[in-house]
Structures are given as structure tokens and as C-alpha cells.
Amino acid sequence: MLKRTYQRNTFILTIILQCICFQNNMYSQDKKPNIIYILADDLGIGDVSIYNENSKIQTPHLDQMGKEGMMFTDAHTSSAVCTPTRYGILTGRYNWRTPLKEFVTWGNSPSLIQKDRLTVAQMLKEKGYTTASIGKWHLGLNWTMKNNSTEFDHFSDTSNRLNFKDIDYSQPLKFGPNDMGFDYSYMIAASLNMPPFVYIENNKATMVPTGISAQTKKQAPYATWIRGDIADDFKHEEVLPNVVNKSISFIKENANKEKPFFMYIPLPSPHNPVLPIAPWKGQSEIGSPYADFVIMIDDLMGTIFKTLKEKGIDKNTLVVFTSDNGFATTNDLNTLKKEKHSPSYIYSGYKGSYLEGGHRVPFLVKWPGTIKPNSISNATICTTDFMATCAEIINYDFKDNEAEDSFSMLPLLTNEGDYLREVTIHHDKYGVFAIRKGDWKLIVSPNSGIMASGATKKHKDVTAEEILYNLKKDVKERNNVADQFPEKVEELKELLGQQIRNGRSTPGKKQDNDAITGEWPQASFAFKK
């Protein structure tokens, strides 16, 4: 009798435990993942060793991330320079739909993101996420100005800049990251070589600048910055470690809480100034400070990955690592060439170019339990696709005026369903357009770009009005076959024109591109009758 009672109780206990385990498993499956988006600055696709079998720079932590998740071989930024790409990541919209038709914003530019524009942070926050932006902003900020000083509500053209001497650093921003959906922000205003050199925490400078930081003769050509306002707590070589330390602190504070978190971590490096510090300084085999800097980045990324595992949240965290454009030639290119290291790997061109090396970037995604380890995707993706991917994960339905150029990559990550992007539009630093469909890539009017001065920028040795490449046969983009395939030129040119005119590339109601005051010569072909 005693034995039967014991067996019955054991059976009941087993059933209860199984029910608890089932409920816990159901909870873990339904729980929204933490999301971390890490954006390097000017990191070439060939600088990450998992992409480059001949790399002279080794990145073991990023390589391991690729092995644990998915490596994309045909990933592209929406622009070959940084501000436009950042806009596309946070809004899911092509940058050239804004008034910024070429180049980038500055540390004293007003906000490129307008107040009525939905960001990925706002979307995730609405669905219960705690959100943070830690790193380099470079999308313009609406600083508070001193009495009777000119203010700009939003970016309208490249000449629309605030006067540094009129900025009131003691007051909060009138419109900054915290107004765009980020619960916490710790940023620098623009690139590490652009003033003002201040940290901005939760929309306010941590310290009012009292000095002027100037270039010195001792600085190497790849370690310089523009003369400008600097605060006492700002040291250029400390910015990257500070960004990583703040990111790790945020992870520790928010790990295993009821609410999931989203972190946008736009690194300030390896953009010039190239400033590796001990113990990484002098550690590369090729004797290049740039190589040291990339090794430093890789090690610091390793500390972030380690923190996720230590806190027990790595299995429910989606991590993306990519770069905002290709390698910048100002970063010690001569030494890299001498040592036979190719930062653009097998591709032609560098940062700023419509050629592949300008916008084809490393793109690694890790999400244990969802993404199969050692996965490789050869799909042509764009960094604007991040917003739609997040939307599908959290079941958010876009309005017609939201994320107009974003396609969900979730089908690629899960190997379920169809990835719907058929066409990708590229943009160089002078605002010249290129369009990619399948193996074909068309550059339209390569000498239509104008600089802020109004002067036309001519590309050296380029006289053709259209340049057509078949990337499958000519990955180095050396043979213009436009004359051989006129029907392909017309097809791609018409597709490009349609997507420019329609204000969107995704299905939906036609939208307006942002109003501008001047001409748009780079897109004139799209509006010819």
C-alpha cells in the first residue's frame, strides 16, 4: 500500500514538473528577443577575416560570431557614406528621399530625422522594449541656441548649420535621440574627427566645452581631427572604450528583466582618427595602427558577446554586426597595400564610391536557436531592411508612410518564407545613383553629382552616361557592357526612376519624397517626360 501511494505521488509530481517545463518552454518561445545592432564606422568587408582568406588582420571574435550564426556575402549599405546609412537603418527609408542628397551632416547640423518620422526605436518601444543608443550619432541634432541666435527645426540643405559659438551646451537638446524613441542615449554628435567634442547623455552634454581642440603636428595623417569645441571629459582615444563600457553596463542592468531591450551601438571606429591604445597598440603583424584598431574593435566586441553569455541571455538575443560603408582610404591605405592586405577584399572601390567596395559590407547575424550555426546567405540585402525585420519579429504593421524601403530579412534568418527584395538602390557620396537587380548593376549619370559648393564633380576617366556591370562575370566592375545590353539598361533605369518617383520601393500607397529648395540633378533622369 505504501509502495503504491509512493508510485502514485511520484507519477503526479512528474506530470506537474512536465507541465511546468512545458509552460516555461512556451514562455521562452513566445518571449520577444533582445536585439543588438552594432554598426562599425568605415570597416571594410576585407577587414573581417571570416570574409577574407588572405586577410592580414585577424578578427577571431567576429569570425566566431559568423560561425555561430549567419554570414551574408552580398550585404549593402544604402549609401557609401555614413550619415545616410544611419538614417536608413533607423527609419527603414532610403536616405536620398530626405533633403540630404549628397555627403553627410556635421556636428552642428540640425536633425535629419524629422519629428513625424517613425524610427525603429519608437516602434520597438511601443511594443514593450527598453531602448538605448550608445555611440556615434551623426544624424544631426537640434541644439538649444543662445538668445536671439538662429535655430533650425530640421535639416533642409548642406548649408543649414548652426554657429558653434551660439550653441548653449548647458541646456538639453531640443530634439535628439531621446525624442526618437530611445529611453537611454550616450552619444557623440558626429564622427570622431568632427566637433563639438562632447559626450551627450540623455539629450544633454555631460560637460560644457571650455577649450578648443586643434590638430597637432605630432598626429599621423590618419589620426587627425577638425579644430573645434572640446569638453574636459572628452579624450579622443577613450571614446571607443567608453562606448563599449556603457554598452556592457546597459546589458547588465537590463538582462533578464521582464521587458526585452533594443540596443543600437554605432561605434566611432575604425573611422579616422585611428587611435588604438594599450594593450592593442602595436599588436598587429603588419605594423599598421589601423590594423591595431580593428583588432581592438574585435576584442571589445568579444567582451560584449561574453557579457551576453555570462548574463544568460545570449540564446534570446539577436545580434547584428555590420559597417556603415566601405573602407576609408584615409586610414593608412598605403601600409595596408604594402603588406598585401585588401580592406575591400576582391571588390573595387572604397568608401564614397558607387563601386562595390564603397557599400558592400560585412554583415553577421547571430540568434541561437533561431539561426542555424555556420549559415551563409548569398541574398542581396540592404541595411534599410533592419526595421522591417524587427517589425515582423514583434508583429508590427507599418502605415503607408513608415519604413518605405525596408524588407524583412526574417525569412532568410529562419529559412522560412520568402525574402521579397528584388531591387536594391545604391548611392555614392556625390549622390550618384546605382541600381542592382540579380547579377546586374547599373550606374546612371556618374558625372551628375554636385558638391555643396555647386561645382559638378567629375569621376576620373568616366565619360559614359550609363555604366552596366554583370557582377557574376565581372565582380571587379571593369567592363562596361551597357552598349551590349541596351534593353537591360532601359529596364533598370526605368525601375530606378519608378522607385525614386513613388517615394517607396515596398508595396503600398505612393509617398512623397521630402521637399527640397534646390535642384536634384542626380535624379533628373527620373523626372524627364
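This passage walks through the main sheet, the empty spaces, the cysteines and a buried lysine of a predicted model.

The sheet is a good place to start. Ten strands make up an open sheet with mixed pairing, and their order runs β6-β5-β4-β3-β9-β1-β10-β11-β2-β12. The edges go to β6 (204–205) and β12 (375–382); each has a single partner strand, so one side of each is left without a neighbour in the sheet.

Strand β9 deserves a closer look. In the strand order β9 sits between β3 and β1, and its pairing with both has been worked out. With β1 (residues 34–40), β9 (residues 261–266) pairs in the parallel sense, over five bridges. Along that pairing, I36 stands opposite M263, while L39 faces P266 of β9. On the β3 side, the strand at residues 130–136 also runs parallel to β9, and four bridges join the two. Here T131 stands opposite F262. As background, strands of a sheet pair through backbone hydrogen bonds, and they can do so either parallel or antiparallel.

The side chains of β9 split neatly by direction. F261, M263 and I265 point one way, F262, Y264 and P266 point the other, and all are buried. That fits the usual picture, in which side chains of a regular strand alternate between the two faces of the sheet. Since six of the six residues of β9 are buried, the strand is largely enclosed by the rest of the structure.

Next come the empty spaces. The model holds one cavity of 30 Å³ or more, and the volume of the largest cavity comes out at about 40 Å³. Its lining is made up of L192, H236, E237, V239, L240, P241, L275, F293 and M296. Two elements, α5 (239–254) and α6 (289–310), give two or more residues to this lining, and α5 gives the most, with three. Sorted by class, the lining of the largest cavity has seven nonpolar residues, one polar and one charged.

The largest pocket, for its part, has a volume of about 490 Å³. Its lining counts 23 residues, and those nearest the pocket centre are F103, A328, T330, K351 and K429. By class, the pocket lining divides into eleven polar, nine nonpolar and three charged residues.

What about the cysteines? A disulfide is a covalent bond between the sulfur atoms of two cysteines, and the structure holds zero of them. For C382, the closest cysteine sulfur is the one in C390, and at 14 Å it is too far for a bond, given that a disulfide needs the two sulfurs within 2.5 Å. Looking from the other end gives a matching result: the sulfur of C390 has its closest cysteine sulfur in C382, 14 Å away and too far for a bond. Neither cysteine is out in the open, either. C382 counts as buried at 1% relative accessibility, and C390 is buried with a relative accessible area of 1%.

Finally, there is a lysine tucked inside. K441 belongs to strand β15 (residues 440–444), and because its relative accessible area is 0%, K441 counts as buried. Which side chain does the side chain of K441 make a polar contact with? The partner is the side chain of E477, with the contact at 2.8 Å.

Conventions: Residues numbered from 1 in each chain as written. Predicted model: local features only at pLDDT ≥ 70, side-chain atom pairs only at ≥ 80, totals over all residues. Heavy atoms only, no water. 1 Å grid on protein atoms, 1.4 Å probe; cavity = no way out; pocket = protein on both sides within 12 Å on 5 of 7 lines; lining within 4 Å. Points joined across faces, edges and corners; volume = space filled by probe spheres on them. Nonpolar A, V, L, I, M, F, W, Y, C, P; charged D, E, K, R; others polar. Buried < 20%, exposed > 50% of the residue type's maximum accessible area, 1.4 Å probe, protein only. Polar contact = N/O pair within 3.5 Å; in protein donor to acceptor, adjacent residues only side chain to side chain. Pairing = 2+ DSSP bridges.
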